[in-house]
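Student: I would like a close look at one part of this structure, please. Take me through the aromatic rings, and then follow the chain onward from there.

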Amino acid sequence: MSQIAARNPRTGRIDWRGPAADPVEVASLAARLHAAQPAWEARGGAARLDILRAFGQALARHAGPIGEALEVDTGRRRIARLEIDSVIGSIEGWARVITADVVPQWVQGRGLPTVRHTAAWKAYPLVGVISPWNFPLLLGMIDAVPALLAGCAVMVKPSEVTPRFIAPVMAALAEVPDLAAVFAVVAGDGATGAAVVDVADCVCFTGSVATGRKVAVQAAGRLIPAYLELGGKDPLIVLDGADLERATDAALRGSVLSTGQACQSIERIYVQRSIHDAFLGRLVEKAEAARLNWPDITNGQVGPIIFDRQADILAAQIADARSHGARVLTGGEIETHGGGLWLRPTVIAGVTHAMSVMRDETFGPILPVMAFDTADEAVTLANDGEYGLSAAVFAGTLEAAEAIGRRIEAGAVSLNDAALTSIFYEAAKQGFKASGLGPSRMGEDGYRRFLRRQALIANTAAPLPLAAFSEEGST
Ligand code: NAD
């Protein structure tokens, strides 16, 4: 049996080991979930919602151990608790989105008046959810909750980097046997993830573009849908007339929250030349005021780098920017404290699109700032890149921000704020370009995507005989 090992990001020590589910275990779990799913679907939406609510209560009862596990794996406390609250709150959020089971009417045919039709929605029997390490609980449950409400069985495979929360979540799940029959969380690495894709009827993947491509290819081979939520390189445009206090506050929070380890982090900042120096000066002051949450986890705003290999990517991007002539104004060095790795907010000026820090996903608290002259130039720069997850625009008025925002090739654009998708979940959106594939995971589509539409077509007259289509007499 293969093993996975987890590193504590505050100490650097590998202090957790556990088994990884192998393909045989994944297949046998899938068989159990598949067997239970028809009864789950037959219960109806209202009963499923009640059971999910009971699970929310169980999660609340187990919030202590779940929070502690998340805290050890991610090195942060408040965000760990927010993850749990957010998952519990999402159940009521979905309750508002999903209207009561609507019984579709029969519709009389127009082309064939004796034929009428109605619709039914059938859940994908088993949804496989594969999630990353940056929000270990939230990013699995974000797809699992609507899929379960839709009537699917669900198997979640979280990242092997942050697996500690699985045991306390399974303990909460055991208190809701009706749900435990159709829902499971399995530990494992990429091989376990691939095994999940092999048994699922629909797959939701959140992670990197490179792995997303592999999942998409494997899913295509099985002709199952793959809904992909991938990386980003989100731009922030700050136009002349913007409130610099607000814009710098939003830029810092959008880049540094969760130590930049969020898909929708601001990773490129474009500022109109007339306000560039003033913006940069204020941003540097605010960046320098941010503190590490070390040695006290209840202090500061910047947590450790969760995945140690990410520190190498951050260091390489900073070195590449320096070697191309950029100026690192704050932070800029990976720091080791107590065995963990930290990076202070790193503001970099004088960057260009020749530098990797402006092209490749960073996933860390780096804020590269570049000047532009015209709004057209800003739009061209924002759209120059492989990703299209989200973006942000600051301007003197919301209307001016909106006019630019509509021209950006990204699935969500925050206006006069940044990274609003990290705190506001109601707006439907898709990942553009390499940032994703499939319907929105938010809003009604986020639920509908787990249902297949079936047509029931009835003929009240005698069926047409073959002779009605005879070639005889055709001209
Ligand atoms: P990753 O792609 O390395 O891993 C994600 C998951 O895929 C893990 O559970 C991993 O075990 C699994 N996996 C690896 N190989 C697999 C395979 N061949 N088949 C199936 N599963 C496999 O990503 P990561 O490093 O954990 O997460 C960081 C990435 O996630 C960043 O690129 C970030 O932008 C992205 N992300 C996107 C969103 C979004 O909503 N768009 C949200 C958070 C993170």
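Tutor: Let's start with two tryptophans: W294 is partly exposed, with a relative accessible area of 31%, whereas W342 is buried, at 0%. Buried means under 20% relative accessible area, exposed means over 50%, and partly exposed is in between, using a 1.4 Å probe and protein chains only.

A word about the model: it is predicted, so local features need pLDDT of at least 70 and side-chain atom pairs count only at pLDDT 80 or more, while totals for chains, interfaces and linings use all residues. Residues are numbered from 1 along each chain as its sequence is written, and side-chain values use heavy atoms, leaving out hydrogens and water.

Now for the rings. The structure holds 5 aromatic pairs. Rings of Phe, Tyr and Trp (its six-membered ring) pair if their centres lie within 6.5 Å; planes under 30 degrees apart are stacked, over 60 edge-to-face, and the rest tilted. One of these pairs is F55 with F183, edge-to-face, at 6.0 Å centre to centre and 80° between the planes. This pair links distant parts of the chain, 128 residues apart: F55 lies in helix α2 (residues 45-61) and F183 in strand β7. Helices (H or I, at least four residues) and strands (E, at least two) are DSSP runs numbered from the N terminus. Both F55 and F183 are buried.

Back to our tryptophans: W294 and W342 form a tilted pair, 5.4 Å centre to centre with 50° between the planes. Here too distant parts of the chain are linked, since W294 sits in the loop between α11 (273-289) and α12 (308-323), and W342 in strand β14 (residues 340-343), 48 residues apart. Elsewhere, W133, F307 and F363 form one aromatic cluster.

F183 also leads us to a sheet, through its strand β7. Six strands form an open sheet with mixed pairing, in the order β7-β6-β5-β8-β9-β21. Its edges are β7 (183-185) and β21 (436-437), each pairing on one side only. Two strands pair if DSSP finds at least two bridges between them. Inside that order, β8 and β9 (residues 226-229) pair in the parallel sense over 4 bridges, and F205 has L228 in β9 as its bridge partner.
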